Amino acid sequence: MNFLPIFLKLAGQQCLVVGGGEVAARKVATLLKAGGAVTVLAPALGAALAPLAADRRIAHLAKVFEPADLAGFQLVISATDHREVNEQVHAAATRRNLPVNVVDCPELCSFIFPAIVDRSPVVIAVSTGGASPVLARLIRAKLESALPPAYGRLADLAEKFRQGVKQAVHEPHRRRHFWERALGGVVADLMFAGREAEAERHLGNLLETERLGHADTGGGFVSLVGAGPGDPDLLTLGALRAMQEADVVVYDRLVSPEVMALVRNDAEKIYAGKESSRHTLPQDQINALLARLAKQGRRVVRLKGGDPFIFGRGGEEIETLMEEGIPFQVIPGITAASGCAAYAGIPLTHRDHAQAVTFVTGHLKQGGIGELDWERLARPGQTLVIYMGLQGLPQIRAALIGHGCAPDTPAALVQQGTTRHQRVITGTVDNLPGLVADAGVSAPTLVIVGGVVGLHGKLAWFQGADTGNHPPQAI
């Protein structure tokens, strides 16, 4: 290693920054965040540093650098555009055995600044030894996406219990195993879900179990995860993390193969089906399955296409979990309405076309669509989005027109939206069922009705297998 990675405690330490420009300002910000007492030496301060001096958050020495200026400082940074000044600062600091950093000059540095992932008190530093700061920042970006901010709160919780664990669990190897189980299991899941009080109670229960010498059952955890409409790039960071940490994944037919490819390789995968009128597992059996797997101490992901709470029966599933006392979290996903409409170039609202949007399902629990409030759904000035409406398109057409919807109202059907197999068929409320029948469309699909559909030809940006566009045809 060209540089040893260490962490300096700078709280209250006197730090000198030579230079008053933008680069110096970035270094000053880092030092202040670490609690350093910062003095900036420069004839004049730039726009970023001047307000800090005015607010007395930093001290300012308005002069050119001289070696005697280093007296009383514990750390030095030179961030000027003048090579001669930077060399002077380095030489003077070296003579005084002071840690010195000269920006963009690794050969003049006794320490360098890493790219930092800050989840205080968890802090991760990434460095390439000055070889490529841009690469270090790219690596940091990957770590940022993988580590939620809750890791800092998890570390705070561990600190709170640290002495108690040390007193209760004397053997170092048992103590290490305890922390591995605690911080890699339900405690962490609860903390990431924002349920900090429950996480603390659970950690306390685990400690009491360990103190009494009882077997640790650990307990399980269920994550209801929205997989989005198909494109894996639309997954949330929370969804990806849960999928990669799961012991078992219970997934539906609408979860795309590309999304399933991101599940941890050694996780058990259980197909739950949920195809129209044909379910591999009935809903009550799925509810019971989730509870049973969690009681086995497993981390369970219930992976649903779109969003679990929009026609995804997520509410029914967490009712069972709550009744069984099983900890869980819900990670929302991009629902098909917003995802498919966006990829089809159809804005769901538009000042000139739609001031409201309504989501309905064409596949109701009773198996019919007649109970929908068609009079309200047929009103102009809104966008109507119909989930699972493929089989009922003729009935939807008749109901909308029969309740006052103009037959030439633009309408579209999106098949396998957001994926490379996306097809968009546009027409009118009147002729869309015929166009879809002729095109040989199959689920999954989404139907969009309203003036906003007329913008598809202008705004379409994503090209799937077949756009299937047809100009609206009036009767």
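Here are some questions and answers about the predicted model shown above.

User: Before we dive in, what pLDDT do local features need here?
Analyst: Residues are numbered from 1 along each chain as its sequence is written, and side-chain values use heavy atoms, with hydrogens and water left out. This is a predicted model, where totals for chains, interfaces and linings use all residues, side-chain atom pairs count only at pLDDT 80 or more, and local features need pLDDT of at least 70.

User: In what order do the strands of the open sheet with edge strands β3 and β5 come?
Analyst: Helices (H or I, at least four residues) and strands (E, at least two) are DSSP runs, numbered from the N terminus, and two strands pair if DSSP finds at least two bridges between them. The edge strands, β3 (59-61) and β5 (100-102), each pair on one side only. The pairing is parallel, and the five strands run β3-β2-β1-β4-β5.

User: Which residue of β5 stands opposite Val-76?
Analyst: Strand β4 (residues 75-78) pairs with β5 in the parallel sense, over three bridges. Opposite Val-76, in β5, stands Val-100.

User: At about what angle does helix α3 run to β5?
Analyst: Axes are lines fitted to C-alpha atoms, for helices over the stretch in contact (heavy atoms within 4.5 Å). Angles run from 0 to 180 degrees between N-to-C directions. Helix α3 (residues 83-95) lies across β1 (14-18), β4 and β5, and its angle to β5 is about 165 degrees.

User: What is the strand order in the open sheet that holds β8 and β11?
Analyst: This one has five strands with parallel pairing, in the order β10-β9-β11-β8-β12. Its edge strands, β10 (268-273) and β12 (328-331), each pair on one side only. Neighbouring strands are turned by 15 degrees against each other on average, direction ignored. So the order asked for is β10-β9-β11-β8-β12.

User: Which strand does helix α12 make about 170 degrees with?
Analyst: Helix α12 (residues 314-323) packs on the sheet, touching β8 (221-226), β11 and β12. The strand whose direction makes about 170 degrees with that of the helix is β8.

User: How many bridges join β8 to β11?
Analyst: On one side, β11 (residues 299-304) is joined to β9 (residues 248-252) by four parallel bridges, with Val-249 opposite Val-301. Towards β8, Val-222 stands opposite Val-300. β8 and β11 also run parallel, and the number of bridges joining them is six.

User: How many residues of β11 are buried?
Analyst: Buried means under 20% relative accessible area, exposed over 50%, and partly exposed in between (1.4 Å probe, protein chains only). In a regular strand the side chains alternate between the two faces of the sheet. Here Arg-299, Val-301 and Leu-303 point one way, while Val-300, Arg-302 and Lys-304 point the other way, and all are buried. The count for β11 is six of six.

User: Is Arg-241 buried or exposed?
Analyst: Arg-241 is found in helix α9 (residues 237-245). Leaving aside neighbours within four places in sequence, Arg-241 is in contact with Ala-146, Pro-148 and Phe-192. With a relative accessible area of 15%, Arg-241 is buried.

User: Which ring does the charged end of Arg-241 sit over?
Analyst: A charge sits over a ring if NZ of Lys or CZ of Arg is within 6 Å of the ring centre and within 35 degrees of the ring normal. Elsewhere, Arg-195 lies over the face of Phe-328, at 5.2 Å from the ring centre. For Arg-241, the charged end is 5.0 Å from the centre of the ring of Phe-192.

User: Why is helix α13 largely enclosed by the rest of the structure?
Analyst: The residues that are buried in α13 (residues 336-343) are Ala-336, Ala-337, Gly-339, Cys-340, Ala-341 and Tyr-343. What covers them includes β13 (357-361), β14 (383-387), β15 (410-415) and β17 (445-449). The helix is largely enclosed because the buried share is six of the eight residues.

User: Which cysteine sulfur is nearest to that of Cys-15?
Analyst: A disulfide is a pair of cysteine sulfur atoms within 2.5 Å, and the structure holds zero of them. Cys-15 is in no disulfide, and the nearest cysteine sulfur, 15 Å away, is that of Cys-109.
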